[in-house]
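User: Please go through this model residue by residue where something can be said. Short reasoning and a definite answer will do.

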Amino acid sequence: MNINFTWVKEKALNEIDIFANPENKTRLQQLEKHLNQAHEIVAVDPKNNRSIKIPLHQIESFETMGHLVRVNLPNQQTYILQKRLKELSYLESQNFYRINNSQMLNLKAVQSFQLGEHARLEVHTKTSTAYVVSRHYAKNIKERLSCSNN
């Protein structure tokens, strides 16, 4: 599939026109759904079992709990997602990256990082929470952190 871009200064900033063959309708609907869903997630409050929309920029990390995921906010509140951690890989475009087999971290919440024991990377967030990055994910996280600092 070829994608052609034409830049028009007169076009509004919040508007994009797409011209496509009707055969591509389902693909474009999936793309639209993906672009619109990435700004918040719907999680469950474990205290009262109510659903709540949480903007992604408020989330510090995700942590696996078997077939569920715990959503950790900087103010120590936690919520539950009825998904597996690997199903959240689409959040990489929103700066959420796996740091070990059981956690994903919002790299926008990182304040500093340093080398820890056994070639592991320690990441400290703005809330003074320390996360351990496994050796497998350390190279990717270092690259992402150095790119975000520039």
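The questions below concern a predicted model and take up its cores, a strand residue, a surface patch and two loop residues.

User: Which elements give two or more residues to the largest nonpolar core?

Analyst: The largest nonpolar core has 16 residues. Those touching the most other members are I41, I54, I59, F62, V71, L81 and L88. Two or more residues of this core come from each of β1 (40–45), β4 and β5.

User: Leaving aside neighbours within four places in sequence, which residues is I59 in contact with?

Analyst: I59 is among the residues of the largest nonpolar core that touch the most other members. I41, I54 and V71 are also in that group. With neighbours within four places in sequence left out, the contacts of I59 are I41, I54, V71, N72, F96 and N106.

User: How many residues are in the other core, which lies apart from the largest one?

Analyst: The largest nonpolar core, with 16 residues, is separate from this other core. Y97, V110, L121 and Y131 are among the members of the other core. Its residue count is 13.

User: Is T125 buried or exposed?

Analyst: T125 sits in strand β9, which spans residues 121–125. Beyond four places in sequence, T125 touches E60, L105, A109, V110, Q111 and Y131. Its side chain also has a polar contact of 3.0 Å with the side chain of T127. The relative accessible area of T125 is 1%, and the cut-off for the lower class is under 20%, so T125 is buried.

User: What is the accessible area of the nonpolar surface patch that includes W7?

Analyst: W7 belongs to the segment before α1 (25–37). Its relative accessibility is 72%, so W7 counts as exposed. W7 forms the patch with M1, I3 and F5. Together these residues have an accessible area of about 620 Å².

User: What is the phi of Q76?

Analyst: Q76 is in the loop that runs between β4 (68–72) and β5 (78–81). Q76 counts as exposed because its relative accessibility is 62%. Q76 is not a glycine, yet its phi is positive, at about 75°.

User: Is N95 buried, partly exposed or exposed?

Analyst: N95 is placed in the loop between β5 and β6 (96–100). N95 is a residue other than glycine with a positive phi, near 75°. Buried means under 20% relative accessible area and exposed means over 50%. At 21%, N95 therefore counts as partly exposed.

Methods:
Residues numbered from 1 in each chain as written. Predicted model: local features only at pLDDT ≥ 70, side-chain atom pairs only at ≥ 80, totals over all residues. Heavy atoms only, no water. Helix = DSSP H or I, 4+ residues; strand = E, 2+ residues; numbered from the N terminus. Buried < 20%, exposed > 50% of the residue type's maximum accessible area, 1.4 Å probe, protein only. Polar contact = N/O pair within 3.5 Å; in protein donor to acceptor, adjacent residues only side chain to side chain. Contact = heavy atoms within 4.5 Å. Patch = residues over 30% accessible without salt bridge, like charges linked within 9 Å, V, L, I, M, F, W, Y side chains within 5 Å. Areas by Shrake-Rupley, 256 points an atom, 1.4 Å probe, with all protein chains shown as cover. Salt bridge = Lys/Arg side-chain N within 4 Å of Asp/Glu carboxyl O. Core = buried A, V, L, I, M, F, W, Y, C linked by side-chain atoms within 4.5 Å.
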